[in-house]
Amino acid sequence: MALLSDVVYRAALLGPGPSQSRVAHLRACPLVPTPLLVPCQTGCTLTAHCASRARGRVISAAVASPPAERSGQEVQTIASYKKLQNGSDVRGVAIDGVEGEPLTLTANSAYFIGAALAKMLAERLDKPTKDLKISVGRDPRLSGSLLSSSIAAGAMSEGASVADFGLATTPAMFMSCILPGHDYDGAIIITASHLPYNRNGFKFFTKEGGFDTKDITYVLESAAHMHTQADAPLVLGADDLKYTDSAWVLAKALQVDGSRKSDVDFMPVYSQHLRNIIKEGINHPDHPDTPLKGFHILLDAGNGGGGFLATSVLEPLGASIEGSQFLEPDGWFPNHPPNPEDRAAMNACVRAVKAAKADLGIVVDTDVDRSAVVGSNGAPINSNRYIALMATITLRKYPGSTIVTDSVTSNGLATFIKGLGGKHYRYRRGYKNVISKGVDLNKEGVQTELMMETSGHGAMKENHFLDDGTYSASQIIIEMVKRRLEGQGDVTVDLLKDLQEPIESREFRLRIKDKDYGSVGKVVLDRFREWVKSGREEDDWTLESENYEGWRVVVDEGNGKQGWLLLRASLHDPLLVLNAESEINSGTCDMVGSVLDFFEEEILTNYDIDVETLYEGSSRGTLKFS
């Protein structure tokens, strides 16, 4: 049996058949050691991992002969694909022209990502690519149409059938994999959430849920390998290009079988699904088909993809949507960022609710997997308030449930959840981390019905663990109507009256300028922990007993007041992030001043970190320049 050379094989052992159809070929990484070679059941030479890795997971094989030398362009191409990974998403700059933001996500990369996805799905599902059905949708970003056509062409080049949904939302794309009569093998949403108009990206789903970090790594590595093997431009702007990036994809797209592409208007299907959820949740005794009759609910879609929620869900159910704004999709996002965390977006909805005297306002992000609301009194309800409201609704349905949040939630929220009889599990930043922890806890037998991040990402067990901004908003609407039917008070006022909120809440982002920012960040966090334990714990600072991300410190502010701070590393960027909350005026200034002392005494002499914002945040800016 001949040994195969210079390749790390990554694939899933899906049963008998020719090894060529079972294994995705990737070039060997020089950092990967050569493992023990054994023959697998398909006749190819694979590693000893073959027998132990689960179905559908990555396996590896290596070779005895030395790897062939890669060209500089190949190395750059592979590196460019790796840079597109943003945790469990793909993100990049898709429109050129913004200074300092070179193009990174192109028609070419979309094409090969589509092809790699089709191969991956075929391997995992153990079916020929010609039998695959993949749905593709996009938000209204200016680059969406080009990327949608390119990723579809890539999938079709492998034989898959593609349904083009046009404008869609992230939750709708997942539902296309599970709603009866649709059952797509995979789904792609082209979006970059709330990021500026020049950015774009991809999220992927199967009926099992969204892809995780390992899945994204696999797809990008496969796409990079396919790209380097094709007669395609490898590096943008190279001197020896035979084609422009888009021209190559256009030529390839004209070669695929056009009968494998169809246009599907899926958003009416998804809208009906949401209407059914609200109707069944309210079960109105008088007019069950129009349960929102007599309610005034407006939407601020921020010119993203969420306008359908007003016109295709709320209004058909009987609600007045007068005062709704920015419903028309516009990839320039001319009015404000479509982002429930953004102050301008929330203020715009507050003004609209007050002007229209609405019962409720809803704010959604571009791809509608996040949301926030505004109460009838004009109070913005996002971040900790939104989690508290959703926790109240959840714990009424599921008493005693655990609620998973990210790491920057307030002390008051933890007390609030405990007061409702729930259990608070403060975990890590990153919506996928929060949701995955909830899934894991349920597998361990811990009832966990709600997983929610302060960004507005929220998932419920009853909704397939899907982060869906429209579903969260629908639960608040249902509660609002039911409370009125029962003669109870306002949902956004009465249910939050016991939530204790900090007087000050601030965030500081400190850029690490050293090239090896990951290692530097770890050093800083290790030293911070030791610094706190060696001196500050004897004073008024105490490390939290459980820390899943960075180090969170409880600060005794006297007279029964308690603040906190958290120093952590950013998930994806060369940043350290400091969050601080205080229950007294100027309390965060004192905390930030102490953290600044730590950096000046322990860190800045050896590492290049921009702490300018700490000087400003500690009110010591004048001291620095005196």
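Reader: Why is Cys349 called buried?
Author: Cys349 has a relative accessible area of 0%, and buried means under 20%, so Cys349 counts as buried. Keep in mind that this is a predicted model.

Reader: And what makes Cys589 buried or exposed?
Author: Its relative accessible area is 18%. The cut-off for buried is under 20%, so Cys589 is buried.

Reader: How many disulfides are there, and how do you know?
Author: The count is zero disulfides. A disulfide is a covalent bond between the sulfur atoms of two cysteines. Here the rule asks for a pair of cysteine sulfur atoms within 2.5 Å, and by that rule the count comes to zero.

Reader: Cys349 again: which valine in strand 15 does it touch?
Author: That's Val374, which lies in strand 15. Cys349 is among the residues in contact with Val374, leaving aside neighbours within four places in sequence. Others on that list include Met346, Val350, Val353 and Leu360.

Reader: Why is Val374 called buried?
Author: Its relative accessible area is 0%. Buried means under 20%, so Val374 counts as buried.

Reader: What separates the C-alpha atoms of Val374 and Met346?
Author: They are separated by 7.8 Å, with the two residues 28 apart along the chain. Their contact is a matter of heavy atoms within 4.5 Å, and Met346 is on the contact list of Val374.

Reader: What makes strand 15 and strand 16 a pair?
Author: Two bridges join strand 15 (residues 371-374) to strand 16. Pairing takes at least two bridges, so these strands pair, and they run antiparallel. One of the partnerships is Val373 with Ile381 in strand 16.

Reader: What is the order of strands in that open sheet of four?
Author: The order is 13-14-15-16, with mixed pairing.

Reader: Why do strand 13 and strand 16 stand at the edges?
Author: Strand 13 (297-300) and strand 16 (380-381) each have a single partner strand, so one side of each is left without a neighbour in the sheet.

Reader: Which helix lies across strand 13, strand 14 and strand 15?
Author: Helix 14 (residues 469-485) does, running at about 170° to strand 14 (360-364). Angles run from 0 to 180 degrees between N-to-C directions, so about 170° puts helix 14 and strand 14 in nearly opposite directions.

Reader: On to the open sheet of five strands: what is its order?
Author: That order is 18-17-19-20-21, again listed with mixed pairing. Strand 18 (423-426) and strand 21 (466-467) each have a single partner strand, so they stand at the edges with one side lacking a neighbour in the sheet.

Reader: How do you know that strand 20 and strand 21 pair?
Author: Two bridges join strand 20 (residues 458-460) to strand 21, and at least two are needed, so they pair, running antiparallel. Ala459 stands opposite Asp467 in strand 21.

Reader: Which strands does helix 11 touch?
Author: Helix 11 (residues 383-397) packs on the sheet and touches strand 17 (402-405), strand 19 (448-452) and strand 20. Its direction makes about 170° with that of strand 19. Helix 13 (residues 431-443) packs on the sheet as well, touching strand 17, strand 18, strand 19, strand 20 and strand 21.

Reader: Why do the buried residues of helix 2 line one face?
Author: In helix 2 (residues 72-82), Glu74, Thr77, Ile78 and Tyr81 are buried. Seen down the axis of helix 2, the buried residues fall within an arc of 95°, so they line one face of the helix.

Reader: What makes the link between Ser135 and Ser176 a polar contact?
Author: Their side chains are joined at 3.0 Å, and the cut-off is an N or O pair within 3.5 Å, so the distance qualifies. Ser135 lies in strand 7 (residues 133-138) and is buried, with a relative accessible area of 0%.

Reader: How do strand 24 and strand 25 pair?
Author: Strand 24 and strand 25 (residues 561-569) pair in the antiparallel sense over seven bridges, against a minimum of two. Trp551 has Leu567 in strand 25 as its bridge partner. The hairpin has two residues between the strands, and Asn559 takes a positive phi near 55° there.

Methods. Residues numbered from 1 in each chain as written. Predicted model: local features only at pLDDT ≥ 70, side-chain atom pairs only at ≥ 80, totals over all residues. Heavy atoms only, no water. Buried < 20%, exposed > 50% of the residue type's maximum accessible area, 1.4 Å probe, protein only. Arc of directions from axis to C-beta. Polar contact = N/O pair within 3.5 Å; in protein donor to acceptor, adjacent residues only side chain to side chain.
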